[in-house]
Amino acid sequence: MSDMNAATVTRYRDDFLKEVEANVEEGDWVKMCMQCGVCSGSCPLGPHWEHPPQELFMMIRANKREEVLSSASMWYCTSCYNCLVRCPREVPITHIMHGLAHYAERLGLAPKELPTRKFSKIFWKNLSSSGHANETSLALKLYFMNGFGEGIKKAIEMLPVGLGMLRAKRMNPFGLFAHKGCTDKKGLNAILDKAREIELAKAAKYQA
Ligand code: SF4
Ligand code: SF4
């Protein structure tokens, strides 16, 4: 368990809605859900959810902490925003999905082997290290995220796509080495450090 101490979690266990409101991005909107199901019906991943959004929101209110935070569901949100634009209560569903995934990750409760979790971690590391995504490095890391053999297989499979992108000048063959990132990396790190500080202070304030 990282960033959160055991005492905090013990205290929260009795009231998961309050815990979500205090720690999850836009979590204070969860109580606005009226269970109409429009979000789940609008979601392109609808048939594949273990728990569609409105069910997750009901589970939060029903104090089903472990089931929600260890669920794979919020990790499958593709940020298409279909649900968000259609919700009659204007609940920021997309943000809550990602907020729940992030919070589960902070607590060490996210399912470890989920491909979407692995993707998120690789993408965030790639982006936050320089301020701009290095697409070549990102693609290579994603190919090899499940081991060397699978990476080679994937790279061979994708070779025609890569060659097509090179021909169309949509990929820089020297991208791996030519990547510079943003000009003010120090400033970027200061922003990220501040964001982490605010996040921790928010959790601490709730404990007081
Ligand atoms: S569309 Fe909005 S109000 Fe309806 S179930 Fe989904 S989150 Fe709740
Ligand atoms: S934003 Fe996420 S939860 Fe909403 S409809 Fe799209 S995939 Fe589904």
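**Ligand 1 and the helices around it**

In this predicted model, α3 (38–42) and α4 (53–61) each contribute at least two residues to the shell around ligand 1.

Colleague: What makes the runs of the protein helices or strands, and how many of each are there?

Modeller: A helix is a DSSP run of H or I with at least four residues and a strand a run of E with at least two, numbered from the N terminus; by that rule the protein has twelve helices and zero strands.

Colleague: Which residues are around ligand 1, and what makes a residue count as near?

Modeller: A residue is near a molecule if one of its heavy atoms lies within 4 Å of it, and the residues around ligand 1 are C33, M34, Q35, C36, G37, V38, C39, Q54, F57, C87, P88 and I93.

Colleague: How do you know how the shell around ligand 1 divides into nonpolar, polar and charged residues?

Modeller: Ala, Val, Leu, Ile, Met, Phe, Trp, Tyr, Cys and Pro count as nonpolar, Asp, Glu, Lys and Arg as charged, and the others, Gly among them, as polar; the shell therefore divides into nine nonpolar, three polar and no charged residues.

Colleague: What share of the protein is called buried, and why?

Modeller: Of its 208 residues, 35% count as buried, because buried means under 20% relative accessible area, with a 1.4 Å probe and protein chains only.

Colleague: What part of the contacts comes from residues 24 or more positions apart?

Modeller: With contact meaning heavy atoms within 4.5 Å, such residues account for 65% of the contacts with a separation of 6 or more.

Residues are numbered from 1 along each chain as its sequence is written, and chains are lettered from A and ligands numbered from 1 in the order in which they are written. The model is predicted, with local features needing pLDDT of at least 70, side-chain atom pairs counting only at pLDDT 80 or more, and totals for chains, interfaces and linings using all residues, while side-chain values use heavy atoms, leaving out hydrogens and water.

Conventions: Buried means under 20% relative accessible area, exposed over 50%, partly exposed in between (1.4 Å probe, protein chains only).
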